[in-house]
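Please open the structure in a viewer that can select residues by number and display side chains. The tour below proceeds from one selection to the next and describes what is found at each.

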Amino acid sequence: MERKTIPEAENRLLILYALDRLGPVTGTQLLRFLMEYDLMNYITMQLGLCEMEEQGQLKQHPHPLGGLMELTEAGQYALNAFAHRIPQSRRALVDREAQVWHERFRLEQQTPADSYSLPGGEQCLRLRLMEGDAALMDLLLTLPRDAALSGVQERWRAAAHRVYGGITERLTAAYAADAPLTDPLPPSATLQRAGKEWYLFLEREGFTVMLSLPDEGLARCCARAWPGASESLGAMVREALTHP
């Protein structure tokens, strides 16, 4: 029988244990995992998180889904020293289930999808493919006001890598390493550099693409291909969101 009262210290250790096994997750993702197996409720988790963050046992990194939490050195030390105070049955449950949830949460973090209404009544989808906390691809897609958006997040998770591959393959098909870097960009393209990365912004009515690319020549190749490819690429994205 489950104990009626669980010590606060044990709950905090269980949070550290779950984070250690799951890897970086948002508060919402952690809560889903803990509640799925009746390990903790929202209030208990939130109080524990706040206290451990104040004590320097947890830290957060910005992410489109919300702050990603992970253990600090102090949190890892506390877990290593006192994990034995978590009942073996609870540790075994986390060990057994964490890997599947880790993969699920990683995919969610890689493929955030948001929607919002535009002043004219249309809807805009923002679809991203992340690598860590940076976007490899960031799409804005305008849809009619009556477009059905139910299930878009799940469809985007299933389609994101395929869409990224389709866009980059189409735009880089004519890439030549010796192409000049002085040719003007088409009006629909803007190129910016940040550190070692080149950020290419491509626009057409109702469809905008940002790509993070490692090479200026590659970025300019994509920009040159965009005017002739943008219509079919927009249709490909819409099709992927309808039939993943």
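## Helix H2 and its surroundings

The buried residues of H2 are covered by elements that include H1, helix H3 (42-54), strand S2 (68-71) and H5. This is a predicted model, and each stop should be read accordingly.

Select helix H2, residues 27-36. Its buried residues are Gln29, Leu30, Leu31, Phe33 and Leu34.

Next, add H5 to the selection and view the pair along the contact. The axes of H2 and H5 come within 11 Å, crossing at roughly 150°. H2 is therefore roughly antiparallel to H5, and the crossing of H2 over H5 is right-handed. To display the contact, show Gln29, Arg32, Phe33 and Glu36 on the H2 side, together with Val94, Glu97, Ala98, Trp101, Arg104, Phe105, Glu108 and Gln109 on the H5 side. Colouring the contact of H2 with H5 by residue class gives 5 nonpolar, 2 polar and 5 charged residues.

Then move past the end of H2 to Asp38. Asp38 follows H2 and is found in the loop between H2 and H3. Although Asp38 is not a glycine, its phi is positive, at about 55°. Is Asp38 buried or exposed? With a relative accessibility of 61%, Asp38 counts as exposed.

## Glu108, a charged residue within H5

Return to helix H5 and centre the view on Glu108, which lies in this helix. Glu108 has a relative accessible area of 8% and is therefore buried. Which residues does Glu108 contact when its neighbours within four places in sequence are left aside? They are Gln29, Arg32, Leu65 and Arg157. Of these, Gln29 and Arg32 also belong to the H2 side of the contact between H2 and H5.

From Glu108, draw a C-alpha to C-alpha distance to Trp156. The two residues are 48 apart in sequence and 9.7 Å apart in space.

## Helix H1 against H5

Now select H1, residues 8-22, with H5, residues 88-110. Two packed helices are described by the angle between their axes and the distance between the axes. For H1 and H5, the angle is about 45° and the axes are 8 Å apart. H1 is therefore oblique to H5. As H1 passes H5, the crossing is right-handed.

Show the side chains on both sides of this contact. H1 contributes Glu10, Asn11, Leu14, Tyr17, Ala18, Arg21 and Leu22. H5 contributes Arg90, Arg91, Val94, Asp95, Ala98, Trp101, His102 and Phe105. By class, the contact of H1 with H5 comprises 8 nonpolar, 2 polar and 5 charged residues. Val94, Ala98, Trp101 and Phe105 of H5 deserve a second look: they are listed here in the contact with H1, and they are also listed in the contact with H2.

## Helix H1 against H4

Keep H1 selected, hide H5, and add helix H4, residues 73-82. The axes of H1 and H4 come within 10 Å and cross at roughly 110°. H1 and H4 are therefore roughly perpendicular to each other. On H1, the contact involves Leu13, Leu16, Tyr17 and Asp20; on H4, it involves Gly75, Gln76, Ala78, Leu79 and Phe82. The contact of H1 with H4 divides into 6 nonpolar, 2 polar and 1 charged residues. Tyr17 appears in this contact and also in the contact of H1 with H5.

## The loop at Ala83

Step onward from H4 to Ala83, located in the loop between H4 and H5. Ala83 counts as buried, its relative accessibility being 16%. Apart from neighbours within four places in sequence, Ala83 is in contact with Ala78 and Arg91. Ala78 belongs to the H4 side of the contact with H1, while Arg91 belongs to the H5 side of the contact with H1.

A distance from Ala83 to Asp114 may be drawn next, C-alpha to C-alpha. These residues are 31 apart in sequence and 38 Å apart in space.

## The cysteines Cys221 and Cys222

Finally, select Cys221 and Cys222. How many disulfides does a search of the whole structure find? The search finds 0. The cysteine sulfur closest to that of Cys221 is in Cys222, at 5.6 Å, which is too far for a bond; the cut-off for a disulfide is 2.5 Å. Both residues count as buried, with relative accessibilities of 3% for Cys221 and 0% for Cys222.

Definitions and conventions: Residues numbered from 1 in each chain as written. Predicted model: local features only at pLDDT ≥ 70, side-chain atom pairs only at ≥ 80, totals over all residues. Heavy atoms only, no water. Buried < 20%, exposed > 50% of the residue type's maximum accessible area, 1.4 Å probe, protein only. Axes fitted to C-alpha atoms, helices over the stretch in contact; angles between N-to-C directions. Helix = DSSP H or I, 4+ residues; strand = E, 2+ residues; numbered from the N terminus. Parallel < 35°, antiparallel > 145°, perpendicular 65-115°, else oblique. Left-handed = near helix turned anticlockwise from the far one by under 90°. Contact = heavy atoms within 4.5 Å. Nonpolar A, V, L, I, M, F, W, Y, C, P; charged D, E, K, R; others polar.
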